[in-house]
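Here are some notes to read alongside the model, set out as numbered points. I hope they help as you look through it.

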2 protein chains.
Amino acid sequence: MIAVAERARAASHGLALATRARKDAALHAMADALAQHEDAILAANAEDVARAESAGTPPNIVDRLRLTPERLAGMADGLREVAGLPDPVGEVVRGSTLANGLELRQVRVPFGVVGMIYEARPNVTADAAGICLKSGNAVLLRGSSSARSSNAAIVAALRSAVESAGLEPDVVQLVPGDTHESVKALMRARGHVDVLIPRGGAGLIRSVVEESTVPVIETGVGNCHVYVDRAADLDQALAIVLNSKTHRTSVCNAAESLLVHADVADEFLPRVVTALQDAGVTIHGDPAFAAYDGVVEATEDDHGCEYLSLDISAAVVPDLDAAIAHIRRYSSQHTEAILTQDLAAARRFTAEVDSAAVLVNASTRFTDGGEFGFGAEIGISTQKLHARGPMGLPEMTSTKYVVTGDGHVR
Amino acid sequence: MIAVAERARAASHGLALATRARKDAALHAMADALAQHEDAILAANAEDVARAESAGTPPNIVDRLRLTPERLAGMADGLREVAGLPDPVGEVVRGSTLANGLELRQVRVPFGVVGMIYEARPNVTADAAGICLKSGNAVLLRGSSSARSSNAAIVAALRSAVESAGLEPDVVQLVPGDTHESVKALMRARGHVDVLIPRGGAGLIRSVVEESTVPVIETGVGNCHVYVDRAADLDQALAIVLNSKTHRTSVCNAAESLLVHADVADEFLPRVVTALQDAGVTIHGDPAFAAYDGVVEATEDDHGCEYLSLDISAAVVPDLDAAIAHIRRYSSQHTEAILTQDLAAARRFTAEVDSAAVLVNASTRFTDGGEFGFGAEIGISTQKLHARGPMGLPEMTSTKYVVTGDGHVR
């Protein structure tokens, strides 16, 4: 692992200095290579799919693993989109001339070597390689063993493209070995790997966060709340609750918890219960909700649960303070929304709820790099250090101070 | 420890919402309290000093521990200076109106609860409390056991001032217990403590970085290099080398390594060897340097050593590439300086040397929050995540996205 990381380090020096033109040319070559290697990649993917099916893997997981010509074309399009984004490297974040004449500039620079640990979807392999290359970082990719043939074929295609564009192919490498030992080695490679980004289920992320000595950016666990205030427009609220819960259930920005102000409970509960149930949602409710047919009584665990399915926990709260207190207790600090026409309530909620994104009168599904206009997203950080919320290209960089004088001493 | 951290968390909610006026009033009250409690603090400090002396602690360490009326007044002045700095909380870092009309703002918010682990100097207790309070963070202070009486007296004074200014005193707390167990508990309090900042020797910092599950900002180990290029102004170079090495030796931005381009070695080496030796510096040199009287032959360890004393490693390099390669191999990536009049050499050095600060024709001693105009400094980050280089008040914050719509769904 150290040898692999050191090859990445050596290759990263050239990449850090590469012009935007060269990096964009490499990204286009990578996109083209996915098309050129389509047969090999789909054949490798068929091996992974067959192995998963014969191991009795659930169909929805097999589906995530499966590549098609359309999905491969989507991966290529993603790489071309990254080529179209501004280069974060070299951006001057701040600068000044100090009183003594020293010229100070804080400039964005790549991290160096980024480690990615991720689960089933092989498209992450191309996405991560593209985002890391554009941000000047060498990347060590450690996908799940279930996708090993697909990932090997994708990386082979990408490396040939990187080399053809005049960059060192070792800026994109698969981590050798598919046992947990290789993950452990990556997590202990402090000094050789600059940042580790885990993407996947809560268990994977927790284990990386707890075991890694390499600095980690924690991503993606979302127990997102929608709070319907007493001053909500209830028609809007109904639409936003439904969209937040049902637009896509397996994603971290889907709503998992609904809170309703007691003053509007009599009017809103019958409507929202019916609408959610009509959409196939199982409501895990407090006693106020459980009075409605088909609502399951919520346990303590329900309120803290990230279902990622057509389930939602629900409770009536006496006031805004109780809503904020409930969110503080159960939230994963990813995204919370207040639905209200009351400016004071909106101001208090956005000030006092400490989550990566706090929304007013909008669906939780908007917490997304694409929706925020960042163009590409490597994940959504739920930690407070370095980056919080959707991470685009600038979040994949560090900075350095460049200070220029003419003989300055203290 | 969890109970202490949870009290800090509860108190932090009010602090996060406090106006700048209230926080500045608290900082002035804290400064005044240090004067009002001077007798108690100096008496407590005398206990610590007596204990250290009877334990045979070296005089320079005892001196760091010792408080005087002047040093206490300096601590109070530091708190008043922090009161004069802009409030980072609430600063809008970026913002836009998205194509669909959603209003997006990225706003600075406090981390929440910050843990500080630090060594002998009791002034860090007041400095850290002031910087954390101004940036809206509750702080858990874990100073060295040798300063426990001083720290307890300082914190008692600060807490009474915080309370008198109308803020919860639990925003400033000493970590109970002075065994290593309490440090361990702090490092394992993930979810209860948001960020841990170790300040002190390399051993302390390494152990926190390796053992903590709480996100850490690594500070301060500096093996800083000065590279004298063949195009250097040698008079300037002599002054900068001397200033970088001898202005203050015990600090992380002091130079520990000198590199000289071969083309100017014959002219520069006799001058720099004499000047450094006249200033009391022991040179640990490569064979070119070791040819001079009094220069000690360098071992491999010397080139990677942070001496923090009147010692410097020194080598002649054949060209700029060799200088950069040497720095990549041995540097702690804190601060490196090139001394040159050649613009191309300066551009290459600043682009290719990946350190928190890269200086051109200036002393390494300028890498400092005060010198950079930040006004207060909690430490100098040598990691790439979150903050790199001197950390002022903005670096003690996270951000959140506040997104406002009027019924937006996807």
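1. A good place to begin is the salt bridge between Arg94(B) and Glu395(A), whose side chains meet at 3.0 Å, N to O. Bear in mind that this is a predicted model. Across the interface of chain A and chain B there are eight salt bridges, along with 45 residue pairs in polar contact, both partners at pLDDT 80 or more.

2. Which elements supply the side of chain A that touches chain B? At least two residues each come from α1 (2–17), β2 (103–110), α9 (202–211), α10 (234–246), α15 (343–352), β13 (357–362), β15 (389–391) and β16 (397–408) of chain A. The largest share belongs to β16(A), with 11 residues. Sorted by class, this side of chain A has 30 nonpolar, 21 polar and 18 charged residues.

3. Now the extent of the interface. Chain A puts 69 residues in contact with 69 residues of chain B. Between them the two chains bury about 5,700 Å², and carbon and sulfur atoms give 55% of that area.

4. How are the two copies related? Chain A is superposed on chain B by a rotation of 180° with 0.0 Å of shift along its axis, at an RMSD of 0.0 Å. The copies are therefore related as by a two-fold rotation axis. If you would like a landmark in chain A, the C-alpha nearest the axis is that of His386(A), at 1.7 Å. Both copies use the same surface, since 100% of the contact residues of chain A recur in chain B.

5. Within the chain, there is a second contact to look at. Chain A is divided into domain 1 (2–218 + 383–404) and domain 2 (224–366). The centres of these domains of chain A, taken over C-alpha atoms, are 35 Å apart. Their contact takes four residues from domain 1 and five residues from domain 2.

6. Domain 1 and domain 2 of chain A bury about 380 Å² between them, 35% of it on carbon and sulfur atoms. On the domain 1 side, Arg121(A), Lys384(A) and Arg388(A) lose the most area to domain 2, together 74% of what that side buries.

7. What holds charge partners across this domain contact? The count between the two domains of chain A is two salt bridges. Arg388(A) forms a salt bridge with Asp354(A), with the closest N and O atoms 3.0 Å apart. Two residue pairs are in polar contact between the domains, both partners at pLDDT 80 or more. The residues on the domain 1 side divide into no nonpolar, one polar and three charged.

Notes. Residues are numbered from 1 along each chain as its sequence is written. Chains are lettered from A and ligands numbered from 1 in the order in which they are written. This is a predicted model: local features need pLDDT of at least 70, side-chain atom pairs count only at pLDDT 80 or more; totals for chains, interfaces and linings use all residues. Side-chain values use heavy atoms; hydrogens and water are left out. Copies are superposed by least squares on the C-alpha atoms of residues with pLDDT of at least 70 in both. Contact means heavy atoms within 4.5 Å. Domain bounds come from an automatic or database domain assignment. Buried area is the accessible area (1.4 Å probe) that two parts lose on being put together, summed over both. A salt bridge is a side-chain nitrogen of Lys or Arg within 4 Å of a carboxyl oxygen of Asp or Glu. A polar contact is a pair of N or O atoms within 3.5 Å; within protein, one must be able to donate a hydrogen and the other to accept it, and residues adjacent in sequence count only if both atoms are side-chain atoms. Ala, Val, Leu, Ile, Met, Phe, Trp, Tyr, Cys and Pro count as nonpolar, Asp, Glu, Lys and Arg as charged, and the others, Gly among them, as polar. Helices (H or I, at least four residues) and strands (E, at least two) are DSSP runs, numbered from the N terminus.
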